[in-house]
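I opened a new page for this chain. The plan is to start with the surface, go on to the fold and end with one pair of helices.

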Amino acid sequence: MEYVYATLLLYKAGKEINEENLKKVLESAGIAVDEVRVKSLVAAIKNIDIAKVLEQALAAPVAAAPVQAAPATAEQPKEEKKEEEKKEEEQAVSEEALAEGFSALFG
């Protein structure tokens, strides 16, 4: 995740996103730099329009609360109700899941 943040910081500062600049940002934050990750990220970024990705990410709707399911009928056993509740929780979009999806765009 720190590699993505470093990339976004360079982008926001108007600096070129290259291996040297990315290493400097990571090192200044006290992060041990993985050369392979830096190279692969820089290679992946060359084909991505960061402005467009950020625009799309900001425009994407974010669920503020889990989706409410229809009330369970009295015929359902308690175990089935618990399983349905777990599924609903898994379907809810969390900030962490969105961040992971966004980071996948950058390597």
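How much area does the chain expose, and what share of it do carbon and sulfur atoms supply? I looked at a predicted model, not an experimental one. The exposed area came out at about 8,200 Å². Carbon and sulfur atoms supply 53% of that area.

Next I looked up burial. The chain has 107 residues, and buried residues make up 20% of them. I used the cut-off of under 20% relative accessible area for a buried residue.

Then I listed the elements. I found 6 helices and 0 strands. Read from the N terminus, the order is α-α-α-α-α-α.

I also checked how far apart in the sequence the contacting residues lie. Of the contacts with a separation of 6 or more, 58% are between residues 24 or more positions apart.

Last, I picked one helix pair. Helix 2 covers residues 19-28 and helix 3 covers residues 35-45. Their axes come within 10 Å and cross at roughly 130°. Because of that angle, helix 2 is oblique to helix 3. I noted the crossing as right-handed.

Which residues meet where helix 2 touches helix 3? From helix 2 I wrote down E19, L22, K23 and L26. On the helix 3 side they meet E35, V38, K39, L41 and V42. Sorted by class, this contact has 5 nonpolar and 4 charged residues, with no polar ones.

A general note for the margin: two packed helices are described by the angle between their axes and the distance between the axes.

Key
Residues are numbered from 1 along each chain as its sequence is written. This is a predicted model: local features need pLDDT of at least 70, side-chain atom pairs count only at pLDDT 80 or more; totals for chains, interfaces and linings use all residues. Side-chain values use heavy atoms; hydrogens and water are left out. Helices (H or I, at least four residues) and strands (E, at least two) are DSSP runs, numbered from the N terminus. Buried means under 20% relative accessible area, exposed over 50%, partly exposed in between (1.4 Å probe, protein chains only). Contact means heavy atoms within 4.5 Å. Accessible areas come from the Shrake-Rupley method with a 1.4 Å probe; for residues, only the protein chains shown count as cover. Axes are lines fitted to C-alpha atoms, for helices over the stretch in contact, and angles run from 0 to 180 degrees between N-to-C directions. Angles under 35 degrees count as roughly parallel, over 145 as roughly antiparallel, 65 to 115 as roughly perpendicular and the rest as oblique. A crossing is left-handed if the near helix is turned anticlockwise from the far one by less than a right angle, and right-handed if clockwise. Ala, Val, Leu, Ile, Met, Phe, Trp, Tyr, Cys and Pro count as nonpolar, Asp, Glu, Lys and Arg as charged, and the others, Gly among them, as polar.
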